[in-house]
Amino acid sequence: MFVTWQNSSVLAKTVLCGCVSTLLAAVAGCVSPAPQESAVAEARKLITSGQAECVAVKDGRIAAVERGRGVSPLLNLYTARPETLRDATVVDKVIGRAAGFIIISGGAKAAHGELISEDAIALLKRHGIAVSGTKIVPRILNGKMDGLCPLEQSVLGLDDPAAAMTALRRRVAELQRGR
């Protein structure tokens, strides 16, 4: 397609192929999203459709998909494949402070929670992690909705990621033993 325009006495002709010219493409409305944004959108669809609870997006593609309850999918990813979290965007079904500390410890650069607590947002921002959420709540509650989630309780008042991970792992072990 040839586009011709005139500016004062200057006549310019530009050959456009698809969306090569970003400026003209934006005007024409044919700018496609960056690969990372597309992969994050795909990760969100996996979560909202019930096919995943935690997805790591890295280098513009889905790098890991995890299933399970609570922070288990994220914690399993952190433990089994820590390199997957480094510089990744973590998309998770629920992000509270407990998940936030795992994200920080894993070295992720960004996080999106379909449900995310205000506490997690503040924590992640303090640690330089870009954060977004679909539904923002004050805190993450337990399954009965009558108190704070036990994993959130385990990291309450902590700011050091190493101390938080120790407390979180201890609480997960207690819960697995039925205590």
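**Reading helix packing and burial in a predicted model**

Author: Zero disulfides are present in this structure, which is a predicted model.

Reader: Where do the cysteines Cys54 and Cys149 stand, buried or exposed?

Author: A residue is called buried when its relative accessible area is under 20%. Cys54 has a relative accessibility of 1% and therefore counts as buried, and Cys149, at 15%, also falls in the buried class.

Reader: Before we turn to single elements, how many helices and strands does the protein chain have, and what share of its residues is buried?

Author: The protein chain has eight helices and seven strands, and of its 179 residues 40% are buried. If we take the contacts in the chain with a separation of 6 or more, 32% of them join residues 24 or more positions apart.

Reader: How should I read the packing of helix 5 against helix 8, and at what angle do they pack?

Author: Two packed helices are described by the angle between their axes and by the distance between those axes. Here helix 5, residues 97-106, packs on helix 8, residues 161-176, at an angle of about 125°, and the axes lie 9 Å apart. Because angles from 65 to 115 degrees count as roughly perpendicular and those over 145 as roughly antiparallel, the two helices are classed as oblique to each other. The crossing of helix 5 with helix 8 is left-handed.

Reader: Which residues make that contact, and how do they divide by class?

Author: From helix 5 come Ala98, Phe101, Ile102, Ile104 and Ser105, while helix 8 contributes Pro161, Ala164, Met165 and Leu168. By class, this contact between helix 5 and helix 8 has eight nonpolar residues, one polar residue and no charged ones. As a general guide to such lists, an α-helix has 3.6 residues a turn, so residues three or four places apart point the same way.

Reader: How many residues of helix 5 are buried, and what follows the helix?

Author: Helix 5 is mostly covered, with nine of its ten residues buried; these are Arg97, Ala98, Ala99, Gly100, Phe101, Ile102, Ile103, Ile104 and Gly106. After helix 5 comes Gly107, which has a positive phi, near 80°.

Reader: Helix 8 also meets helix 3; what are the angle and distance there, and which residues take part?

Author: The axes of helix 3, residues 72-80, and helix 8 cross at roughly 115° and come within 13 Å, and this crossing too is left-handed. On the helix 3 side the contact uses Leu75, Tyr78 and Thr79, and on the helix 8 side Met165, Arg169 and Val172. Sorted by class, the residues of this contact between helix 3 and helix 8 comprise four nonpolar, one polar and one charged.

Reader: How does one read a single residue such as Thr84, and which residues does it contact beyond its neighbours in sequence?

Author: One looks at its element, its accessibility and its partners in turn. Thr84 lies in helix 4, residues 82-85, and because its relative accessible area is 9%, Thr84 is buried. When neighbours within four places in sequence are set aside, the contacts of Thr84 are Ala56, Lys58, Ala63, Ala64 and Leu77.

Reader: And what is the accessibility class of Gln153?

Author: Gln153, which belongs to helix 7, residues 150-155, has a relative accessibility of 45% and therefore counts as partly exposed. Its C-alpha atom is 9.6 Å from that of Ala167, a residue 14 positions apart from Gln153 along the chain.

Note on methods
Residues are numbered from 1 along each chain as its sequence is written. This is a predicted model: local features need pLDDT of at least 70, side-chain atom pairs count only at pLDDT 80 or more; totals for chains, interfaces and linings use all residues. Side-chain values use heavy atoms; hydrogens and water are left out. Axes are lines fitted to C-alpha atoms, for helices over the stretch in contact, and angles run from 0 to 180 degrees between N-to-C directions. Helices (H or I, at least four residues) and strands (E, at least two) are DSSP runs, numbered from the N terminus. Angles under 35 degrees count as roughly parallel, over 145 as roughly antiparallel, 65 to 115 as roughly perpendicular and the rest as oblique. A crossing is left-handed if the near helix is turned anticlockwise from the far one by less than a right angle, and right-handed if clockwise. Contact means heavy atoms within 4.5 Å. Ala, Val, Leu, Ile, Met, Phe, Trp, Tyr, Cys and Pro count as nonpolar, Asp, Glu, Lys and Arg as charged, and the others, Gly among them, as polar. A disulfide is a pair of cysteine sulfur atoms within 2.5 Å. Buried means under 20% relative accessible area, exposed over 50%, partly exposed in between (1.4 Å probe, protein chains only).
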